[in-house]
Amino acid sequence: MLIALFPGDGIGPEIIAQAKRVLDALGIDGLTYEEGLVGGAAYKAVGHPLPPETLELARRADAILFGAVGDPDCDSLERHLRPEQAILGLRKAMGLFSNLRPAKVFPELADASALKKEVASAIDLLIVRETNGDVYFGEKGMRKTAEGLREGYDIMSYNEEQVRKIAHQGFQAARARRGKLCSVDKANVLETSQLWRDVVIEVSAEYPDVALSHMYVDNAAMQLVRNPGQFDVIVTGNMFGDILSDQASMCVGSIGMLASATLNDSNQGLYEPIHGSAPDIAGQGKANPLATILSAAMMLRYSLNQPEQADRIEKAVAKALAGGARSPDLGGTMTTVAMGDAVLAALA
Ligand code: NAD
Ligand code: IPM
Ligand code: MN
């Protein structure tokens, strides 16, 4: 089993190092690793954020463990050369369209949530975010209006096949959980969302056992804070899912806690924390590595067929938290490495 390791930028190398230590400690036979360049690190080394050798490694690997990309030095590069193109390019080139972002409160962490403890304790939801379409991948550019004003544009679109595919992912996930699916859109304003809603309703005919509801994204943002316990699975488009998952992370306690898996039709997977490269804390040992460690657990479960090992990691994280492991984002003072140590100690 080959795992492609893509540390990337900012805190990426620091958090990937801790996830790798945890994987090594499991002692799983036959795991091999190859590291690849992505993001600003790749641009600085070879002039492109997603070099061909990296994409080739990604395709060849059984799973990809991704840190984060994004580098303030690169913010003025032409868009196709920016670090973020590495993650967008991997998702698109490999057809990684189904981004699963679970948000669940570890009981030990209910105090870290931005919400009242009794509200936060009820959170156990999964955001199923489409990652191959939407305004992310439409035609975009800069032009001049007739009056000579500068105008930026990004076309938002979804075709029915894209919506159908992610709707099936949402329904199947709901079926395997508590049987509730909330589809989040902006159908009161956007044609893209009207099609989204129509297609989700069509697909629902195949899942009579799943209770489907629809919610506008502005209301969903409010409900996530008011009563997040009402959600089981949320299925939504690329941009709404991006925004709502960062919000959900703070309901759970910290953006440093949320893991993700992004799968394609052949069940190849890319695993990454939902957060970015956090340039404000990079290199200071302040990053919480748990989202990345939990992403490694998702990798073992979804791509490497090692559910028991995934359970071991998740239990070790819970035990480390119960034992008081807290990085600064969780209100503590422990370093990135110390957080890794705490998980390793809990595993042993
Ligand atoms: P960010 O997620 O990197 O950081 C937002 C805030 O959360 C910062 O204050 C940061 O210090 C904190 N934070 C993030 N991860 C943390 C962790 N593990 N532990 C403790 N604190 C953590 O978002 P941003 O600042 O908007 O973006 C920074 C760069 O990251 C940008 O270039 C952006 O494009 C990129 N980005 C990349 C990804 C990805 O690689 N998938 C995701 C999001 C943002
Ligand atoms: C994420 C990130 C990416 C996204 C960026 C870095 C392109 O925010 O994975 O959530 O918007 O999908
Ligand atoms: Mn994001």
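Biologist: Hi! In which sense do β3 and β12 pair, and over how many bridges?
Modeller: In this predicted model, strand β3 (residues 63-68) runs parallel to β12, and two bridges join them.

Biologist: And what is the bridge partner of L65 in β12?
Modeller: That would be Y271.

Biologist: Which helix packs on the sheet there?
Modeller: Helix α10 does, and it touches β3, β11 (259-263) and β12. The direction of α10 makes about 160° with that of β12.

Biologist: Let's zoom out, then. How many strands form the sheet, and in what order?
Modeller: Ten strands make up an open sheet with mixed pairing. The order is β2-β1-β3-β12-β11-β4-β5-β10-β8-β9.

Biologist: Why is one side of β2 and of β9 left without a neighbour in the sheet?
Modeller: Because β2 (32-35) and β9 (211-216) stand at the edges, and each has a single partner strand.

Biologist: Got it. By how much are neighbouring strands turned against each other?
Modeller: On average by 25°, with direction ignored.

Biologist: Switching to the ligands. Which residues are around ligand 2?
Modeller: They are E84, I87, L88, D242, I274 and G276. By class, this shell holds three nonpolar residues, one polar residue and two charged ones.

Biologist: How many residues surround ligand 1, and which are the closest?
Modeller: There are 20, and the closest are G70, G256, H275, G276 and N288. That shell has ten nonpolar, six polar and four charged residues.

Biologist: D242 caught my eye in the ligand 2 list. Where does D242 sit?
Modeller: D242 belongs to helix α9 (residues 238-252).

Biologist: Why does D242 count as partly exposed?
Modeller: D242 has 18 C-beta neighbours inside 10 Å, and a residue needs 20 or more to be buried, so D242 falls short of that.

Biologist: What does UniProt say? Which residues does its "binding site" annotation, from the unreviewed entry, cover along with D242?
Modeller: That annotation covers D218, D242 and D246. Those residues are spread over 29 residues of sequence but cluster in space, with a largest C-alpha distance of 14.5 Å.

Biologist: Then there's the other "binding site" listing with D218. Which residues are in that one?
Modeller: UniProt lists R91, R101, R129 and D218 there, again from an unreviewed entry. They span 128 residues in sequence and the farthest two C-alpha atoms are 26.3 Å apart, so they do not all gather at one spot.

Biologist: Tell me about D218 itself. Which helix is it in, and is it buried or partly exposed?
Modeller: D218 is in helix α8 (residues 217-226). D218 is partly exposed, with 13 other C-beta atoms within 10 Å.

Biologist: And R129, where is its place?
Modeller: R129 is part of strand β5. R129 is buried, with 30 other C-beta atoms within 10 Å.

Biologist: What is R129 in contact with, leaving aside neighbours within four places in sequence?
Modeller: Its contacts are N99, R101, T236, N238, G241, D242 and S245. One of them, R101, is also in the UniProt listing with R129.

Biologist: Back to helix α8 for a second. What is V217 in contact with, setting aside its neighbours within four places in sequence?
Modeller: V217 makes contact with V184, D185, K186 and F240. V217 and V184 are 33 residues apart in sequence, yet their C-alpha atoms are 5.5 Å apart in space. V217 is buried, with 21 other C-beta atoms within 10 Å.

Biologist: Any backbone oddities? Which residue has a positive phi of about 80° although it is not a glycine?
Modeller: D134 does. Most residues other than glycine have a negative phi. D134 is in the loop between β5 (124-130) and β6 (140-144), and D134 is buried, with 24 other C-beta atoms within 10 Å.

Biologist: What about A278, what is its phi?
Modeller: The phi of A278 is near 40°, so a positive value in a non-glycine residue again. A278 lies in the loop between β12 (269-273) and α10 (290-302). A278 is buried too, with 23 other C-beta atoms within 10 Å.

Biologist: Last one, helix α2. Which of its residues are buried, and what covers them?
Modeller: In α2 (residues 39-46), the buried residues are G39, G40, A41, A42 and Y43. Their cover includes β1 (2-8), α3 (52-60) and α4 (85-93). Just after α2, G47 takes a positive phi of about 90°.

Conventions. Residues numbered from 1 in each chain as written. Chains lettered and ligands numbered in written order. Predicted model: local features only at pLDDT ≥ 70, side-chain atom pairs only at ≥ 80, totals over all residues. Near = placed C-beta within 6 Å. Nonpolar A, V, L, I, M, F, W, Y, C, P; charged D, E, K, R; others polar. Buried ≥ 20, exposed ≤ 12 C-beta atoms within 10 Å, placed from the backbone. Helix = DSSP H or I, 4+ residues; strand = E, 2+ residues; numbered from the N terminus. Contact = placed C-beta atoms within 7 Å. UniProt positions renumbered as here; feature names shortened; annotations may be inferred. Pairing = 2+ DSSP bridges. Axes fitted to C-alpha atoms, helices over the stretch in contact; angles between N-to-C directions.
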